[in-house]
Amino acid sequence: MEALLDQADALILAAGEDGPERPSFEIPESLLPLTVPNEDWLEIRENPNKGKGWFAKGPIPAGSVILVSKPIAMALDLEYVGPDQEEDDEEQNEDGVSNHAMEESENPEEPQESTVNELLVLEILQSILTNPSIWLQQISKLYPREHVDIEASPVWISKDDEVFSQFETMVEQIEQVPELKGKSKEISQRLPLIIRYNVLSVETCPELLSHPGLNGHNPLSGVGLYHWPSFFNHDARPNVSRYAVGDIMWFVTNQDIHAGQELCISYLEHDVLCESPHRRNLMLTLDFKEDEDANHALHGTRGDDDGPDAPVVDSDVQNELMSMNPFERLEAIDQLMQQAAGEALPEGERLPEEEDGMDAEGNAWFQCDLQNLRILKAITLEGMGLSEKALPIWNECVQFTETKMPPNDETSIVVRVQAALCSLNLKDENLARQHAAIALQRHNLIFGGGVRRFRRRYRQEFCLNLRPDAGDFSGQPMEDFLWPYGNE
């Protein structure tokens, strides 16, 4: 993995104005056996509620890598430039919102496909024309397969005329390929649907605080269609975690698995899995619904379905907050935290007159909104030299990952690392070592490689200047003190 991370760094450093080249890494020889499902561990079986899925044939310990895969095709988010993005001076309404965005939101019932998915359709069509076996032996086996499922799915029509024109041209070329003769209609109907239901986000180290930074791996983010991984079904309590470096993706058990248990990933970000089934189903934007009773009871969520349909504190909000001076930022964060908790209405908003009897409170946002605001507040306080005020907040962040997210989640490692560094900055060596040990243990369970791999993955994280007043500890950098290379 370390060599692959070096390749990912090289793509970022060599990137031009249009972004980095699309990653296409070779799977290391030592991992090649994991590219084929282990018949002693895994089998594809029918789940009456979810369709075909991966099941364990016997016990599988936590931290077991069960699959490593390269995509059939991948497209980077930065590669797609839609027709409305080509005009620098896009028309905006009086509120500063683009008219195009308003038009797209007028019909919330209409499925909104990711624009980069359209680019992926073209990429895969070209691959099929070049190598028909990709369709015949891999893609055609994926959902939706049955006529009834295809008919019940939404018809795909690209809103980008250029994309749709290229799509129609390629479909016509299919009939000229002997192995695919007579299959153009099937491919034109099924391929966009297969991508819609099976595409996975592909991100390198997205959990790290350094991910969106100058040398972070955010520009390598995109989507990909994978063969064997497409048989993983979704669950709000996933027992399999996934991570990627470049375009190579690992699937690893985050808990002990017993024989006969289905192996599931989450199609959603892990920090929203603690929300009510209503909110999760809104975010899935697919044609199936989660089990309202079972999942809701398991997570013990608030059931507040009158709030926003998606997280509010997104990357744009976070960037706007970080552009403020620290004092203004703290004030803004505190106000947003009240709104996120449903304890206050947004500034300038008042209750309707007919609802004067109600408390002057709003609807609660997503719980991950509060978590993201807590992280921003802790970072801000540390930057102001107030680590003693930041540490309780880092501990709250740890508590969220322990109680609201899947076991051994990679985000829990990130906040444990920051809690350890903050504790050491306050000279609380025992607490620092406690957080550091748990972070390393969990990192090793999911990513393997011991201290060396941990230090490699977190190299840029340790370079973040979150604590300007922090110096060395006992004459050595904090990371050397907490995670020495000899501590394997």
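The exercises below, each with a worked solution, concern a predicted model of a protein chain.

**Exercise 1. Describe the chain in outline: how many helices and strands does it have, and what share of its residues is buried?**

Step 1. Count the elements: the protein chain has 18 helices and ten strands.
Step 2. Turn to burial: of the 488 residues, 48% count as buried.
Step 3. Look at the contacts whose separation is 6 or more: residues 24 or more positions apart account for 72% of them.

**Exercise 2. Find which residues of the largest nonpolar core touch the most other members, and which helix gives the most to this core.**

Step 1. The largest nonpolar core has 51 residues, and Ile139, Leu191 and Leu263 touch the most other members.
Step 2. Helix H3, residues 115-130, gives the most to this core, with nine residues.
Step 3. Another core, of 40 residues, lies apart from it; Cys205, Ala432, Ala436 and Phe454 are among its members.
Step 4. Take Leu263 as an example. Leaving out residues up to four places away in sequence, its contacts include Leu42, Trp54, Phe55, Ala56, Phe232 and Ile257.
Step 5. A general point fits here: in soluble globular proteins, nonpolar side chains tend to be buried together.

**Exercise 3. State in which sense strands E1 and E2 pair, and how many residues lie between them.**

Step 1. Strand E1 covers residues 42-47 and strand E2 covers residues 51-56; they pair in the antiparallel sense over six bridges.
Step 2. Three residues lie between E1 and E2, and the two strands form a hairpin.
Step 3. For one bridge, start at Ile44: its partner in E2 is Trp54.

**Exercise 4. Check the length of helix H13 against its expected span, then say which helices its buried residues pack against.**

Step 1. Helix H13 runs over residues 387-404 and has 18 residues, so at 1.5 Å a residue it should span 26 Å.
Step 2. The end C-alpha atoms of H13 are 25 Å apart, which agrees with the expected span.
Step 3. Pick out the buried residues of H13: among them are Leu391, Ile393, Trp394, Val398 and Phe400.
Step 4. The buried residues of H13 pack against helix H12 (367-383), helix H14 (410-425) and helix H15 (429-447).

**Exercise 5. Locate Cys205 and Asn408, give the phi of each, and decide whether each is buried or exposed.**

Step 1. Cys205 is in the loop between strand E5 (200-202) and strand E6 (222-225).
Step 2. Cys205 is not a glycine, yet its phi is positive, about 50°.
Step 3. The cut-off for buried is under 20% relative accessible area. Cys205 has 4% relative accessibility, so it counts as buried.
Step 4. Asn408 is in the loop between H13 and H14. Its phi is also positive in a residue other than glycine, near 55°.
Step 5. The relative accessible area of Asn408 is 17%, so Asn408 is buried.

**Exercise 6. Find which residues line the largest cavity, and which helices supply at least two of them each.**

Step 1. The whole structure holds three cavities of 30 Å³ or more.
Step 2. The largest cavity has a volume of about 80 Å³.
Step 3. Its lining includes Leu5, Asp9, Cys205, His211, His217, Arg456 and Gln460.
Step 4. Helix H1 (2-13), helix H16 (450-457) and helix H17 (459-463) each supply at least two lining residues.

Notes. Residues are numbered from 1 along each chain as its sequence is written. This is a predicted model: local features need pLDDT of at least 70, side-chain atom pairs count only at pLDDT 80 or more; totals for chains, interfaces and linings use all residues. Side-chain values use heavy atoms; hydrogens and water are left out. A nonpolar core is a set of buried Ala, Val, Leu, Ile, Met, Phe, Trp, Tyr and Cys residues joined through side-chain atoms within 4.5 Å. Buried means under 20% relative accessible area, exposed over 50%, partly exposed in between (1.4 Å probe, protein chains only). Helices (H or I, at least four residues) and strands (E, at least two) are DSSP runs, numbered from the N terminus. Contact means heavy atoms within 4.5 Å. Two strands pair if DSSP finds at least two bridges between them. The expected span of a helix is 1.5 Å times one less than its number of residues. On a 1 Å grid over the protein atoms alone, a cavity is a set of points where a 1.4 Å probe fits but cannot get out, and a pocket is an open set with protein on both sides within 12 Å along at least five of seven lines; lining residues have an atom within 4 Å of a point. Grid points are joined across faces, edges and corners, and a volume is the space filled by probe spheres set on the points.
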